[in-house]
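Trainee: Could we go through this structure together, slowly, with the reasoning behind each answer spelled out?

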Amino acid sequence: MKKNIILLGLAMGCHMAYAQETISPAGPQDKPVYLTNATIHVGNGAVINNGTIAFAKGKITAVGANVPAAGSDATVMDMKGQHVYPGIIAPESKLGLVEFESVRATIDAREVGEINPSVRSIIAYNADSKVINTLRSNGILLAQVTPEGGIVSGVSSVVQLDAWNWEDAAYKTDNALHFFMPGLLPQGGGRGAGAAGAAGDRLKAAMDQIETVRTFFREAKAYQQEAKHSATNLKFESMRALFNKEQKLFIHCNLVKEMLIAIDFAKEFKADVTIVGGADAWLIADILKQNNVPVVLTQPHSLPVMQDDDVDQPYKTAALLQKAGVLFCLSNEGFWQQRNLGFEAGTASAYGLSREEALTAVTLNAAKILGIDKTTGSLEMGKDANIAVSTGDMLDMKSSVITKAFIQGREINLDNKQKQLYEKYEKKYGLK
Amino acid sequence: MKRAFEKPAMALLSRCVSYALLRYRSPLMLAALLATGSFARAQETFPVNGIADPREGCFAFTHATIVKDAQTTVQNATLVIRDGKIVDAGTGVVVPKDAVVLDCKGKYIYPSLVDIYSSYGLSDAKRSGSAWNAAPQFLSNTKGAYGWNQAIRSEVNAVDLFAADDGKARPLREAGFGTVLSQQPDGIARGTATLVTLANSKENKVILRERAAAVYSFDKGTSTQNYPSSLMGSIALLRQTYLDAQWYKSQPAKEGVNLSLQAWNANQQLPQVFEAADKWDVLRADKIGDEFGVQYIIKASGNEYQRIAEMAATKAAFILPLNFPGAIDMEDPGDARFVSLAEMKHWEMAPAEPAAFEKANIPFCLTAVDLKDVKQFMANVRKAITYGLSEQKALEALTKTPATLLKAYDKVGSLEAGKLANFLITSGPLFSEKTILYQNWVQGNRYVIKADGWNDIRGIYTVTLTPGNSYSVEVRGTPSAPLLSVLQKDTLPGRIDVNDKLVSMSLPLAKNSKNSIRLSGIIGDNGWTGTGADTSGNLIRWNAVFVKTAPEKADSVKPTEVAALGPLLYPFNGYGWEKLPKQEDLLIKNATVWTSEKDGKLENTDVLIRNGKIAQIGKSLSAGNARVIDGTGKHLSAGIIDEHSHIAISRGVNESSQSVTSEVRIADVLNPDDVNIYRQLSGGVTASHLLHGSANAIGGQSQLIKLRWGQNAEDLKVANWDPFIKFALGENVKQSNWGERNTVRFPQTRMGVEQIYTDAFTRARDYERQGAGKRRDLELDALVEILHQKRFITCHSYVQSEINMLMHVADSFHFRVNTFTHILEGYKVADKMKAHGAGAGTFADWWAYKMEVQDAIPYNAAIMNGVGVVTAINSDDAEMARRLNQEAAKTIKYGGLSEEEALKLVTINPARLLHVDNRMGSIKVGKDADVVLWSDNPLSIYAKAEKTIVDGIVEFDRDNDLQLRKRIATERNRLTQQLLAEKKKGTPTQKAGFVADEMYHCEDLQGGHQTAIGD
């Protein structure tokens, strides 16, 4: 079928990129599906060898080694030798908000102003972004789409990656408010010598900004106490969900002092706080654990913060958090880069996580942190059938080949613009 | 003419002041007047307003300890001066009858110090106009018949700008200086410096040599011109200017008058001084000097002790600053985390720099120039002495050495007949902490630095009261701050105040008595005498007679144990070596060997490494003397070669100022200290091709290095290598993403890019045809090399049209484009590339970061490889380079390459692209022993490099790495404790904080840096 589309495109003299436009979202799951004889990685640490997973109407109906045989109405797919995983979740993404990083007209990730809690990313999410399909074909099936301008940048939503439009894509709308904490990195090298100096001023400015946010939160909270206002404040109004704990507070920061302030925020506002970044989280893993503050950990494929740091520090930070019992998931910068999220988990596994813990770090843990674990993140009965199938270990690029994927039980088209260009030129050079 | 009248006017003014003084008798102002005792001798041509007052200024200083120079000290000697010059110094010197005699008994006389690096009397150069967002400036803004580049200021002579400034001279004199070499520190060629004294006289008299030295640096200073925008550009500019100046000697009609080049040539006769910004800059400067037969005197930065062997090898004389780094405040452990061990170690070791130079027998001077406060100078010399510098060497470094380097030792630098009367009178050895500098005489003019204590009144006296008793009184303390006590059964502390010849004292007569005898009087040459009041208030008379000197403890600066300092590290970084590792013979036994050759993957195989080469591959090899490394269950591959890297580069990866900059060379700006060398060794990288950035169509010359951790820049380079150069196409070259002001530089379109190449190669071809006597042009030389296939191109490229274009240009000039890098649409023109003979170095899966990568696909490498283009996967990124094996593995996923083929993309294929496949890139007998022992299949995300071996040297070892981590922790703690102790002692500290490591991608225009947390 796909080949036909390509040929048609050629015949019509279209630019190949147009073929991408015919990759349609799948319709609702109409028949039960059974994936049999598979190695099933549940996402919660369990592995079922030679197992079956069954799902109908988008929900997982059975999973295990001894699932009763499918009825005649079901589609049975023999997955012998293949691995079945929960779909990977990108917990922090500009996907659909940016198409080309250097082209301003294609960037919808940063709004003007420092405090914009009423700005909502879901509004701008472009379900037709060419990038989305390149993520799905690597097993990434859900993403939290995050605005990132100013200090309080707005509200993110979780989207599923097979949609006609943003309403269709919304998986959990307005799940978290985002606070990009001003950096508290002290500047050295003789700068700011003496007590005051420029460095002192910079830190002071950062602390002042943080205080401004704190004050804003206090005022917003007070505003909620009174039902009637002569002038409606949309910014304050938009904070209601946060104070009702229907919305999480994601605080983006990396350094110890910044994280301590984030924890303090959590206490004062009794908010459901998550740290995003956490490059130095390994230094206060115990404190994070005590305060039950989860971390969306910056990608393992980063350079160490300091030249004296262990050369593999970013690779092993995940394992240190795991050991301390901190709830964390792994992230990956940007949007197009996020097709590599599984491999970030692979690296975390090479440096201390077990393979299944590494998988959890990009599936179930991410779901918990984003507040969607009731419906996804693992292959458990009753959850959405968000499933990726790979011929080999999905966390290792040398063996990860995604052959099938399902979002809410719908088998999605794994084609993408890049595969199409590949096929076009394979054909040109007679490589196939 | 105007100036001529200023001096008499001043004289008139000062007379008014003296008149005022006589009336008000302010002792303070009187002292000020004395402090600048002026023996002004009028200039012949200057009219005198008033009565001529000619004086010869003949003085004799007797009974002094005269330190004529660092080697010669004469006791009980006499110094005679006249007319601002030394008549004689030594013993048996005849005191002229007309000499004013000053008894210097107990005092020392030294030559005044010489600072060879100063900007005294010169105002700072000002950066003219040009806002930060101004349009590009291609040519110099300097008006007049000068050269094209604003940073070449050879025509500037400090002597023309020099204006004596006693306000600035005074603190220098107070620090002991009498003569300075003064320059306006601005630009790459800074013109000439002038040698002047610090006398408070008219400029005409203080200038000793109008043009005493020519000065250079790598810093373009206030130049608003775009070129050069990088360190390598500065170096290229210097190099080209040497050539241009040589050519200009033939008076080429085409050039017309070029005063900058004219001055440059004239300046070559002078001592050549070069300011270096760090230890590697020293070597960079020296290398340029070597190329043009110039031996610079090098102004150092303070971290040269880290590479003292290399410093010695320059054969240069050095000027060492004494602005040792301040202690860092480590009180806040959160902030202390961001202080690197290297920074702490530098704090610890920097004061040992002069001692290190002395030990290595490298000639050097000391300078006060970089000190925030020149008052700190003597204290810092003393600090250097406590860190091992000898006092003798210190004196030499401040007298004879600078004077000799400036060819002015006939004038200053020692106390010998005929030299200037520039000398210091002190209370003791110059560098001792308690020594008082009383007077600094410059050109026969006396400048009193400290009047108090000139008469050393310390000793035991008998004070006799009339009426009353006699008391034994001891005067202790320092000559300028004496303390008094009455010696009875108990020693009773009293009080003494001395003001020149006036004295007042209080003598307690009993312990805890509130009443004292109060005395006031004069210190006469024949004893002390005066009036006073006894405890009852009765008027009394008194006198005091000197009995004997009180014994004083010997006072000198003692070197601390140098062993107390931590070890030097190579490079100077937490992960550096204490001792550079040696080549070893190694036998890796029983590994899975990925040969990247026809042999493919060999199971259970041994590889023998001898003399840095792969000696044998086989089963059950005998070790002989080789160290055996068990490879059971492990994988051995050739070292990874990163065809596109920007690590280990100093101060700019892009000379972005012009569209053609083939004259700049990455080879000039290597930074062997970059920690990313070590980090990448930990990822199995053994060689990196360091490229110029992609900001212009013809960028700079590149450099292939091996990751030899701890070696210097020269030793990082791969020898006998076909040289390469970076070209670039597309958005960066046409400045598409540089903002609205950058729409001026040609080209702004891909059409223009083609014309840039056609023009450049046409110029190169015409240039080559020119006959003898042509101006050598380094930019065109590099292009001529390309035309002759002696230099090879690696070209940053994205879209098919431009790739196609460059191959056409190359074809029309009959050369080949060796490599296209990035080449994300290479898959669209792979057949054309193959036909042309171009190779490809690409990314595994990058796209969507800008418009020109909209069609980039991760199957690119597989397609090009499949078509038969030599294809490599490279990084352009310090982080990704640590896992290039994984990036290569993505081609298994995207395009279905076999594991062995995939590995070749980062081993033998880049070696082929770089023309080193005959010696690198695979495991084959006879090739360089650049290999990696992996814990797992090297294409797997789970594989770790356990050992990375370069030339048979184990450069990275995962077990050793654990030891280094412990050492870093121990050293950090040791130094943190020292710094905390320093703060506790009350030493002023600077804030602890983060200093970003230099780090680049090919699009970075100026300061690249680590992005993790610094943004």
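**Contacts, turns and a buried helix**

Mentor: In this predicted model, 48 residues of chain A are in contact with 60 residues of chain B.

Trainee: Which helix supplies the largest share of the side of chain A that touches chain B?

Mentor: Helix H8 (256–269), helix H11 (341–350) and helix H14 (417–429) of chain A each supply at least two residues of that side. The largest share is 6 residues, and the helix that they come from is H14(A).

Trainee: How many residues of the side of chain A that touches chain B are nonpolar?

Mentor: The residues of that side divide into three groups, of which 8 residues are charged and 15 are polar. The remaining group, the nonpolar residues, numbers 25.

Trainee: Is Ala648(B) buried or exposed?

Mentor: Ala648(B) is found in the loop between strand S32 (640–645) and helix H16 (675–681) of chain B, and it has a positive phi of about 55 degrees although it is not a glycine. Most residues other than glycine have a negative phi. A residue counts as buried if 20 or more other C-beta atoms lie within 10 Å of its own. Because Ala648(B) has 27 other C-beta atoms within 10 Å, the word for it is buried.

Trainee: And is Gln789(B) buried or exposed?

Mentor: Gln789(B) also has a positive phi of about 55 degrees without being a glycine, and its place is in the loop between helix H19 (778–787) and strand S37 (792–797) of chain B. The cut-off for an exposed residue is 12 or fewer C-beta atoms within 10 Å. Since Gln789(B) has 12 C-beta neighbours inside 10 Å, it counts as exposed.

Trainee: Which residue precedes Pro571(B) across a cis peptide bond?

Mentor: Most peptide bonds are trans. Pro571(B) lies in the loop between strand S26 (539–548) and strand S27 (586–594) of chain B. The bond leading to Pro571(B) is cis, with omega near -5 degrees, and it starts from Tyr570(B).

Trainee: Why is helix H22 of chain B described as largely enclosed by the rest of the structure?

Mentor: The buried residues of H22(B) include Asn860(B), Ile863(B) and Val867(B). Among the elements that cover the buried residues are helix H21 (830–836) and helix H23 (884–893) of chain B, together with H14 of chain A. Helix H22(B), residues 860–867, is largely enclosed because the number of its residues that are buried is 8 of the 8.

Terms used. Residues are numbered from 1 along each chain as its sequence is written. Chains are lettered from A and ligands numbered from 1 in the order in which they are written. This is a predicted model: local features need pLDDT of at least 70, side-chain atom pairs count only at pLDDT 80 or more; totals for chains, interfaces and linings use all residues. Two residues are in contact if their C-beta atoms, placed from the backbone, lie within 7 Å. Helices (H or I, at least four residues) and strands (E, at least two) are DSSP runs, numbered from the N terminus. Ala, Val, Leu, Ile, Met, Phe, Trp, Tyr, Cys and Pro count as nonpolar, Asp, Glu, Lys and Arg as charged, and the others, Gly among them, as polar.
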